[in-house]
Structure formats: C-alpha cells, structure tokens
Amino acid sequence: MSVMHRHSHTAVGDPSGRARDPHDESQVSLSADAAESVLRQLSSARRELERTADRQRRFLADASHELLTPLAGLRTQLEVARLHPDETDLAELVDHTLRDVDRLQTVVSDLLTLVKAATIPPQGTRVADLKELVLAEVSTRTPRTPTLLRLIPGVAIHAVEHEIHRLLGNLLDNAQRHARGSVLVEVRQEGAHAEITVSDDGDGIAEADRERVFEPFIRLDQSRGRGRGGPGLGLAIAREIVRAHGGTIGVEDAPEGGVRFVVRLPLAEPPARPGPEGHPRPRSGSPDADRVVSGRRPG
C-alpha cells in the first residue's frame, strides 16, 4: 500500500521520476517580471542621463556665449584704440569697456550664485517671518514701480535669510521689468505651507513656456525674453533657492492680467509670543492683511 501511494504522486512521462512543483513555474515567472522591471528602470535612468547631459551641454554653450560676447566687444574696442590712438576718445573708451566688464561680472556672479543656491546647509537656516523679510527687501530697493503689499504676519519658515532676499529680489526685478503700472506681493499661509506670490500687470507667459522660463539663459519670443533684462539667470536662481528650501515655484495667470509667480515653502512653527495677560498671540491666517503701497510711478 505504501508503494502504490508513493507512485500515485509521480508525474507520468517525467524521466526524473519526480513530480513537478507548481511553485517552480511561479518563481520563474516572478524572476522574468523582476528582470523586465530592472530593464525598464535602467532604460529610464539612461534616458534621464541623456536629458541631463543635453541640458548641461546647452548650459555650457549658452554660458560660453554670454561670456564671449562682451569679451569680443572689449577686444574690438581695445584693438581699434591701439590702431588709432589719436582718434580715440579715452573717456568714451573707458565707459564702453566698463559696461562690458560690468556685464561679464554680472554673468560670472550669477553663475556662481546659481551653483551655490542648490546647496543650502541646514545649519545655516533660522526661523524667519516672511512678512519681515519682504518688508526688509522692499525697503532697500530703488522705487521703480508702485508695489502693493498684502502681508499676513506670523507666517514663518526655516530660511537662509540672504538667499530668501535674493529670491524676493529676483522675482521683484522680473515683475517690475514687465509691469505696466503696478506689482503686487502677497504672503499668506496655505495649509502646511507658506505662500509668497509676486504678480505684475504686464504681458503674460504662454502656458507652454511656464516651465521653460526657469531654465538658464532662456529666450522667449515675447517681451519677457532676456533681452529686456540681464543674462537670463534670475528665475533659474530663484528656482534653485526655492528647491534648496524644500519648496516649489510655479507660474499662474495674475488677476491683474499679467503673471503671478507662486512660491510655496514648508512652514516652521514660530515660537509663541505672549499676548495680553500672558495669553499666546493668535497664529497667522488672520484676514486682516497689511496693505502698504511703496514706490512711485516712473516719470
């Protein structure tokens, strides 16, 4: 009886005389699926590396162009002056060459800032009130365009302050460059995030360009192209600063008809300040926002 019982489990025609284990086939199937998954991941990583390499090549080409253009201008002016010293106006030559040197210095400084902005040490941050940072930045600027401020106090973040000032300055430069009449800066709390918005009433940005506008040296076909400003690194630097602070930056249509740049940063819990009779002051989020107009209309 024991022999018959043993043979009843033997697969017919199996030369090994052993029964097939269905688990073996499932393991082979799982191994094939795992191999396909690894191949897909490798293919995706390769494509991402190729895209990164393409971006780096474009960046190097654009940076080289931005540096070589003023250098070529400097060389031309100096060579003409050497060939025709009697016909050279020294004061005019110095003015022209200094403008080219200023352009070179701006490009190099912005390139270094772009590299450094991506690496912010955690120990370099402190809890800061965004309202105070905005007020400090606006107060140091030469007024060019009326700037309306709607700032809720007590919206705090972990910030490297000079980097946040650079972020605000770049966004304000961009808005004031393209505004027709006014700029609006708002600070508020949205859920677990602090939100800064900088809006202008100028020409908008096409939806297809709203991601490209943060690329270094970007050239847009409309009035927001870099020809109206510097070398085109301001918004790229702004994005790196926001990323290094753990936040996001995007572009929306502004109610005024232009563009609104929206920065969202993780909130920090500010220390409670005692109110009347020792009670804590209310957290941010009050509907009573400050409304301050700064600046003056050109001309």
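**Strand pairing, core and an aromatic pair**

Strands β2 (residues 147–151) and β4 (residues 183–190) pair in the parallel sense, over five bridges. The model is predicted. Within this pairing, Leu151 stands opposite Val187 of β4. Side chains alternate along β2. Thr147, Leu149 and Leu151 point to one face and are buried. Leu148 and Arg150 point to the other face and are not buried.

Val134 contacts residues of both strands. Beyond its neighbours within four places in sequence, Val134 is in contact with Leu149, Leu151, Leu168, Val185 and Val187. Val134 also belongs to the largest nonpolar core, which has 46 residues. Along with Leu130, Ile164, Leu167, Leu171, Phe261 and Val263, Val134 touches the most other members of that core. In soluble globular proteins, nonpolar side chains tend to be buried together.

Phe261 also takes part in an aromatic pair. The count of such pairs comes to one. Phe261 and Phe214 meet edge-to-face, with 6.0 Å from centre to centre and 90° between the planes. The two residues lie 47 apart, and the pair links distant parts of the chain. Phe214 sits in the loop between β5 (193–200) and α6 (234–244), whereas Phe261 belongs to strand β7 (residues 259–266). Both Phe214 and Phe261 are buried.

Across the whole protein there are six helices and eight strands. Their order from the N terminus is α-α-α-β-α-β-β-α-β-β-α-β-β-β. Of the 299 residues, 34% count as buried. The protein exposes about 18600 Å², of which carbon and sulfur atoms supply 55%. Among contacts between residues at least 6 apart in sequence, 70% join residues at least 24 apart.

Notes. Residues are numbered from 1 along each chain as its sequence is written. This is a predicted model: local features need pLDDT of at least 70, side-chain atom pairs count only at pLDDT 80 or more; totals for chains, interfaces and linings use all residues. Side-chain values use heavy atoms; hydrogens and water are left out. Rings of Phe, Tyr and Trp (its six-membered ring) pair if their centres lie within 6.5 Å; planes under 30 degrees apart count as stacked, over 60 as edge-to-face and the rest as tilted. Helices (H or I, at least four residues) and strands (E, at least two) are DSSP runs, numbered from the N terminus. Buried means under 20% relative accessible area, exposed over 50%, partly exposed in between (1.4 Å probe, protein chains only). A nonpolar core is a set of buried Ala, Val, Leu, Ile, Met, Phe, Trp, Tyr and Cys residues joined through side-chain atoms within 4.5 Å. Contact means heavy atoms within 4.5 Å. Two strands pair if DSSP finds at least two bridges between them. Accessible areas come from the Shrake-Rupley method with a 1.4 Å probe; for residues, only the protein chains shown count as cover.
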